[in-house]
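Biologist: Got a minute to go through this one with me? Put it up and we'll start with the charged pairs.

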Amino acid sequence: MLPCLQLRTSSRSMTVMPAWVIDKYGSNDVLRFTRNASFPTINYPNEVIIKVFAAGLNPLDVGMRAGYGSATMSMQRDPLGMNQSGSEFPLILGRDVSGVVMECGLDVKYFRERDEVWAAIPPWKQGSLAEFVVLSANEISLKPKSLSHTEAAALPYVAATAWSALVNTGGLNKDNCTNKRVLILGGSGGVGTFAIQMLKAWGAHVTVSCSLNAERFVRELGADHTVDYTAGPVEEPLRALQKFDLILDNVGGDTERWALALLKPWSGAKYVTLVTPFLQNTDRLGLADGMMKTAVTVGSKALKHLMNGVHYRWGFFAPSGPALDEVRDMVDAGQIRPVVEETFSFSQVPAAMEKVEKGHARGKTVVQVG
Ligand code: NDP
């Protein structure tokens, strides 16, 4: 292996690369294939350039294609507001990557050229529907040896999201889950299929809500109990069950009207929802007012539920190489497997996005890039 001390001349000389880009927000027809996307450059000494072999798609890609979250992402990309509106284009989507390190910045210590890595890409960075992507070294992790690149690209974004929601926000970890009762609302998609497996590996008792036709699928991933939400108001069968220590809500809508009553009161039990109005607020009201509204909303809800003895929290994706290191060990130990529902070739990116947009996911959609 080559040490990560200098840039390789071969990729230094490249200036363009193939990629799927969007030049404006809209429906699927804004996706454009180009062979002339700008080659990513290392701007900070802790960055690496990765050759993409596979890219995973998430509902966020469909949202971002239509402009969802653009106000917050613009602020992250350009905190001083120096750039003109629209400077994010051409924008590259794709939040999961599995690939090989091509070049390292001068401060990168733990990775070397040719290392096989995986990562979840923060939404304000250029994505993985391209031949190369640049990321910070603390966002990447050595990929599980037991997985192909296609399989590996199915996990990072949902794993980092579930980790952030369950571990950082929910307070769960491998040492405190035994016999904890966890309810996952929406268990058959990307986040749910990962969360079920991680919680089962940690010894939790996992109940899942899903469609009737997904019950067998989520049970095969380890779910102890399933409830069909298509059979009628799902809160009714859930109310008949023993109360829960934690609820992970991947569904949103009206769930928080009834879900918090399913928690064990005055025991530290938490409801963590991934479906929050944060990005809609900032898109609609602008950053300052949007963030203020968000703080008031989440604060007042947290206080209201605290008075009933349960904790109300919002969960968010957080990029984390160290979290992916732990997930890698669980994957290589056979405790977690990727759930790839469908794979597409690089020329089929619009069809892959269409698949994600249709919903009813049973695991993940992955694009083979390299
Ligand atoms: P997916 O699209 O992969 O999965 C959603 C799953 O939920 C599908 O399997 C769907 O199947 C099922 N579903 C739909 N409606 C219900 C319902 N009422 N009850 C139970 N299951 C239902 O999404 P992800 O798993 O990737 O993400 C889940 C949610 O979390 C999304 O809303 C996403 O936007 C959000 N998210 C938020 C993040 C954050 O930072 N806050 C980060 C990542 C995700 P079917 O329709 O067939 O039942």
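Modeller: Sure, and keep in mind that this is a predicted model. Let's begin with Lys-200, which is partly exposed because its relative accessibility is 26%.

Biologist: Which residue does Lys-200 form a salt bridge with?

Modeller: That's Asp-224, with the closest N and O atoms 2.8 Å apart. Lys-200 sits in helix 6 and Asp-224 in the loop between helix 7 and strand 10, so the bridge ties together parts 24 residues apart in sequence.

Biologist: And is Asp-224 buried or exposed?

Modeller: Partly exposed, at 29% relative accessible area.

Biologist: OK, what about Glu-116 and Lys-143?

Modeller: Their side chains meet in a salt bridge, 3.5 Å from N to O. Glu-116 is in strand 5, while Lys-143 is in the loop between strand 7 and helix 4, 27 residues apart. Lys-143 is buried at 7% relative accessible area, whereas Glu-116 is partly exposed at 39%.

Biologist: How many salt bridges does the count come to?

Modeller: It comes to 13. There's also a network of them linking Asp-325, Arg-328 and Asp-329.

Biologist: Switching to the ligand: which residues come nearest?

Modeller: Of the 21 around the ligand, the nearest are Ser-188, Ser-211, Tyr-229, His-360 and Ala-361.

Biologist: What do Tyr-229 and Ala-361 offer the ligand?

Modeller: Tyr-229 has a polar side-chain atom 2.6 Å from a ligand oxygen. For Ala-361, a polar backbone atom lies 2.6 Å from an oxygen of the ligand.

Biologist: How much of the ligand's area does the protein bury?

Modeller: 78% of the 920 Å² that the ligand exposes when taken alone.

Key: Residues are numbered from 1 along each chain as its sequence is written. This is a predicted model: local features need pLDDT of at least 70, side-chain atom pairs count only at pLDDT 80 or more; totals for chains, interfaces and linings use all residues. Side-chain values use heavy atoms; hydrogens and water are left out. A residue is near a molecule or strand if one of its heavy atoms lies within 4 Å of it. A polar contact is a pair of N or O atoms within 3.5 Å; within protein, one must be able to donate a hydrogen and the other to accept it, and residues adjacent in sequence count only if both atoms are side-chain atoms. Accessible areas come from the Shrake-Rupley method with a 1.4 Å probe; for residues, only the protein chains shown count as cover. A salt bridge is a side-chain nitrogen of Lys or Arg within 4 Å of a carboxyl oxygen of Asp or Glu. Helices (H or I, at least four residues) and strands (E, at least two) are DSSP runs, numbered from the N terminus. Buried means under 20% relative accessible area, exposed over 50%, partly exposed in between (1.4 Å probe, protein chains only).
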